[in-house]
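Trainee: Could we go through this model together, beginning with its pockets and then turning to its cores?

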Amino acid sequence: MFFQKPIPRNHNINLLEPELKTDNIVKQKQRAKIWSKIIIYTAIACFIIGFGLFSKIIISSSELAANFGHNNIFSQLKNLFLSVSPAKTLKGETEDRINILLLGIGGANHPGPYLTDTIILASFKPSTKQVALLSIPRDLSTTVNGRGYAKINSVYALGKNTSDVYAGQLAKQTVASVLGVDIHYYGLLDFSGFAKIIDAFGGVDINVEKDFYDPLFPTTDFKTQTVTFSKGWQHFNGQQALTYARSRHGNNNEGSDFARARRQQQVILAVRKQALSLGLFFQPAK
C-alpha cells in the first residue's frame, strides 16, 4: 500500500477571449475526468488480468476465509468486493496500524513447494501513509498451534495438508504469536508469479552493495549452479531479481538469512519504485 500525491494540472486560458473562458475550463475538466477514469479502470483491469494469469494468489481475512481457498483470482475479488462495503473500515484501520503477512513459496516444480522461505510482515500506518517491512528468519523455531516445535517456514506447508485457507490462517496465527501483534491480512505468491510481475514492469534497478557469488544455487532439475553478482547498479529481469532475492549460500557475508532478507526487501522497494514511475504509469498495457 503506497501512495503518491496527484500531479496538479495547469489550465492554459486565453484571457483575450473572455467569452471562451468558461467553456474552455469546462471542456478541460471533462477531458481530465474522462482520462482519469480511463487510466484508473485500465490499471484495475491490468491488475486483475495480470495476477490472474501469472500466479495463484490467496488473499484472506478471518471473515472472508470461508469464501477463498481454491477459487481463482476473479472469484476472490468478487467475494472481496461483495463482502466489504465502501463504508467499512479495514481491520486495524481504527487503531492506525494495518498488518499484512507476505508469504513467498517456491510453488510447483521446486523442492519443498509450500515452504514459505520468504516471510515478511508489512505494517501500514494510515495516518502517515508509511509502511514498515519486517523479515522473519525462515529457520526460526516456534510452536505451531500449541503443538510442538517446527521451523516457521514449514507452518504453511503443515496447514496445507488440511486446506489452503487453513494454511494461511495457521501461518497468520503463528507469526502473530511470535511477534505479539495482530495480523489482519495475508498474501501468498510463488516464484513464477514474482518473476513475471517484474518482467511485466520491464525489470527493476537494484544497487548491489558488494560483489558475491553463490556456488550452490538450485536449478529447476534439482541440481546446483554458480550465480554471480557484481557491485553497483544493475538492471534485473524477473529471473535475475528472483535469483538475487533467493540466493542463500553467497560468499562475502551474503550467505546468511539476514543478508537474504535484506536483498528481498531491496527488490520489493525496487518494484514499488518501478510501479510508481511515470514511465510505467502512462503505459496501461504494461
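Trainee: Which residues line the second largest pocket?

Mentor: This is a predicted model, in which local features need pLDDT of at least 70 and side-chain atom pairs count only at pLDDT 80 or more, while totals for chains, interfaces and linings use all residues. Residues are numbered from 1 along each chain as its sequence is written, and side-chain values use heavy atoms, with hydrogens and water left out. A pocket is an open set of points on a 1 Å grid over the protein atoms alone, where a 1.4 Å probe fits, with protein on both sides within 12 Å along at least five of seven lines, and lining residues have an atom within 4 Å of a point. On that basis the lining consists of Val204, Asp205, Ile206, Trp233, Gln266, Leu269, Ala270, Lys273 and Gln274.

Trainee: Which element gives the most to the lining of the second largest pocket?

Mentor: Helices (H or I, at least four residues) and strands (E, at least two) are DSSP runs numbered from the N terminus. Both S8 and H7 supply at least two residues of this lining. The element that gives the most, with 5 residues, is H7.

Trainee: Why is helix H6 described as largely enclosed by the rest of the structure?

Mentor: A residue is buried when its relative accessible area is under 20%, exposed when over 50%, and partly exposed in between, using a 1.4 Å probe and protein chains only. The cover over the buried residues of H6, judged by contact (heavy atoms within 4.5 Å), includes helix H5, strands S8, S9, S10 and S11, and helix H7. Helix H6, residues 238–246, is largely enclosed because the number of its 9 residues that are buried is 7.

Trainee: Which element gives the most to the largest nonpolar core?

Mentor: A nonpolar core is a set of buried Ala, Val, Leu, Ile, Met, Phe, Trp, Tyr and Cys residues joined through side-chain atoms within 4.5 Å. The largest has 19 residues, and those with the most contacts inside it are Leu101, Leu103, Ile119, Ile152, Val175 and Ile183. Strands S2, S3 and S7 and helices H3 and H4 each supply at least two of its residues. The one that gives the most, with 5 residues, is H4.

Trainee: What separation is there between the C-alpha atoms of Lys172 and Leu101?

Mentor: Lys172 has its place in helix H4 and counts as buried, at 8% relative accessibility. Leaving aside neighbours within four places in sequence, Leu101 is in contact with residues including Lys172, Ala171 and Val175. Although Lys172 and Leu101 are 71 residues apart along the chain, their C-alpha atoms are separated by 6.9 Å.
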